[in-house]
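Reader: I would like to go through the charged side chains of this model. Could we take them step by step?

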Amino acid sequence: MDDNLDRQQDELEALRAMYPDEFTETSSGDYRVTISSNDLRDDSDGVVALRFVLPVDYPSHTPPRVWLVCDDSSFDRQSQPLVTEKRLTKQTQRMWEEGGRGEVLFELIGWLTEQIQK
């Protein structure tokens with residue numbers, strides 16, 4: 001379990017460094033990375049974010065728990081039908097399994113960014 005905790009801390013430290021303005025810890029163990037989108041309607045200030053919690057046995061035995069957080073009034077779901085929590089959860093599981101059951105958050109943030117900026 002100590003190995004998982006060390007790996008989690010290393011991954012969180014890397015995310016903080018890569019996303020200094022976008023990374024927040026909303027409560028103890030509950031994190032969010034805000035992703036800007038070119039598909040926001042008009043000039044609204046809506047946000048799209050990846051919210052995640054790292055289970056105690058992540059990354060060796062369990063993928064992170066993830067949620068999509070967005071202001072539906074500013075995010076065009078019609079143009080982004082694949083960016084749903086169900087799709088996000090499946091993608092997280094797939095990336096985690098295909099990546100050897102290791103750290104996946106950086107790759108997942110990249111995938112989500114591509115999806116919402118298409």
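Author: The following exchange covers salt bridges and a charged surface patch in this predicted model.

Reader: How many salt bridges does the structure hold?

Author: The structure holds five salt bridges. One of them joins the side chains of Arg 7 and Glu 103, at 3.0 Å from N to O. This pair links distant parts of the chain, 96 residues apart: Arg 7 lies in helix α1, and Glu 103 in the loop between α2 (85-98) and α3 (105-116).

Reader: Are those two buried or exposed?

Author: Arg 7 is partly exposed, with a relative accessible area of 23%. Glu 103 is also partly exposed, at 36%.

Reader: What about Glu 98, which residue does it pair with?

Author: Glu 98 forms a salt bridge with Arg 94, and their closest N and O atoms are 2.4 Å apart. The two residues are separated by about one helical turn, because they are four residues apart in helix α2. Glu 98 is exposed, with a relative accessible area of 61%, whereas Arg 94 counts as partly exposed at 35%.

Reader: Which residues are joined into one network by salt bridges that share partners?

Author: Asp 3, Arg 7 and Glu 103 are joined in that way.

Reader: And Arg 16?

Author: Arg 16 forms a salt bridge with Glu 25, with 3.9 Å between the closest N and O atoms.

Reader: Changing topic, which residues form the negative surface patch?

Author: The patch is formed by Asp 2, Asp 6, Asp 10 and Glu 13. Asp 2 lies in helix α1, which spans residues 2-18, and is exposed, with a relative accessible area of 62%.

Technical notes: Residues numbered from 1 in each chain as written. Predicted model: local features only at pLDDT ≥ 70, side-chain atom pairs only at ≥ 80, totals over all residues. Heavy atoms only, no water. Patch = residues over 30% accessible without salt bridge, like charges linked within 9 Å, V, L, I, M, F, W, Y side chains within 5 Å. Areas by Shrake-Rupley, 256 points an atom, 1.4 Å probe, with all protein chains shown as cover. Salt bridge = Lys/Arg side-chain N within 4 Å of Asp/Glu carboxyl O. Lys, Arg positive; Asp, Glu negative; His and termini not counted. Charge placed at Lys NZ, Arg CZ, Asp CG, Glu CD. Buried < 20%, exposed > 50% of the residue type's maximum accessible area, 1.4 Å probe, protein only.
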